[in-house]
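Student: I would like to learn how to read a fold from its strands, its helices and its ring contacts. Could you take me through one example?

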Amino acid sequence: MRKLSVTNSVTLDGVMQAPGGPDEDRRGGFEHGGWAAPFNDSVMAQKMGEGMAKKSELLFGRRTYENFASYWPLQTDNPFTEVLDNTQKYVASRTLGEPLPWKNSTLLNGDAADAVAALKEIEGPDLVILGSGDLITSLAERRLVDTYTLLIHPLVLGTGRRMFADGAALAQFTLIDSVPTTTGVIIATYQLSGTAVERNSS
């Protein structure tokens, strides 16, 4: 079975909403879009480049896919566009239809968790999720995510959509890698443990 990993930027209070730009995602009146940009540095670029260099396929929810598809194919001055264009991309959505606008994109039909569970059983490269908070929530409930690489930013926003919201599926993880950047970001990789912690019944 191939592995499924998540790579996302989060704040100290767990917010993952709109790290890239002011208008990326204003749901709920969110006004702090673009919060991650001031923390970029060469360490982060190198670490993310290492991840991009690994053979993998991408998995998106609808909103993140549309954001990426409207931006990355138009960029010509960075090393990531060609990689993203040529990578196989799967999209979990009940509203999008084929053909999808970005090349090498395939729509997953039906229940997202069922579709991803079946996808993991198919021989091929490991799968990586970028963004896609709602999709992560549904997959985490089924324990389908094997590892999380979190770029933990030294920032508290106090508002915004969190990766693990109240009521998230109970889980326990093992830290398998940790890299600090020059701007105070910790790039931490956590692996899902074999046994989840039990809820305290007292």
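Tutor: We will go from the sheet to the helices and then to the aromatic rings, keeping in mind that this is a predicted model.

Student: Where should I begin with the sheet, and in what order do its strands lie?

Tutor: In general, strands of a sheet pair through backbone hydrogen bonds, either parallel or antiparallel. Here the sheet is open and has eight strands in the order β4-β3-β2-β5-β1-β6-β8-β7, with mixed pairing. Its edge strands are β4 and β7 (173-180), each of which pairs on one side only. From one strand to the next, the twist averages 25°.

Student: Which strands pair in the parallel sense over seven bridges, and which in the antiparallel sense over six?

Tutor: Strand β1 (residues 4-11) and strand β6 (residues 147-153) form the parallel pair, with seven bridges, and there S5 stands opposite T147 in β6. The antiparallel pair with six bridges is that of β6 and strand β8 (residues 186-192), where L151 stands opposite I187 in β8.

Student: What joins β7 to β8?

Tutor: Seven bridges join these two strands, which run antiparallel, and D177 stands opposite T189 in β8. The two strands form a hairpin with five residues between them, and in the turn G184 has a positive phi of about 95°.

Student: Turning to the helices, which residues of helix α2 are buried, and why do they fall on the same side of α2?

Tutor: Buried is taken here as under 20% relative accessible area. In α2 (residues 62-71), the residues T64, Y65, F68 and A69 are buried; because they cover an arc of only 125° around the axis, they lie on the same side of the helix. These buried residues pack against β2 (56-61), β3 (89-92), β4 (105-108) and β5 (126-130).

Student: How are α2 and α4 directed on the sheet?

Tutor: Helix α2 packs on the sheet, and its direction makes about 115° with that of β2. Helix α4 (residues 112-121) also packs on the sheet, touching β1, β2, β3, β4 and β5, and its direction makes about 125° with that of β4.

Student: Finally, how many aromatic pairs are there, and which residues form a cluster with W102?

Tutor: The structure holds eight aromatic pairs, and F60, Y65 and F68 form one aromatic cluster with W102. Two members of that cluster, Y65 and F68, are also among the buried residues of α2. As for W102, the charged end of K89 sits over its ring, 4.5 Å from the ring centre.

How values were computed: Residues numbered from 1 in each chain as written. Predicted model: local features only at pLDDT ≥ 70, side-chain atom pairs only at ≥ 80, totals over all residues. Heavy atoms only, no water. Buried < 20%, exposed > 50% of the residue type's maximum accessible area, 1.4 Å probe, protein only. Helix = DSSP H or I, 4+ residues; strand = E, 2+ residues; numbered from the N terminus. Arc of directions from axis to C-beta. Contact = heavy atoms within 4.5 Å. Pairing = 2+ DSSP bridges. Axes fitted to C-alpha atoms, helices over the stretch in contact; angles between N-to-C directions. Phe/Tyr/Trp six-rings, centres within 6.5 Å; stacked < 30°, edge-to-face > 60°. Lys NZ or Arg CZ within 6 Å of the ring centre and 35° of its normal.
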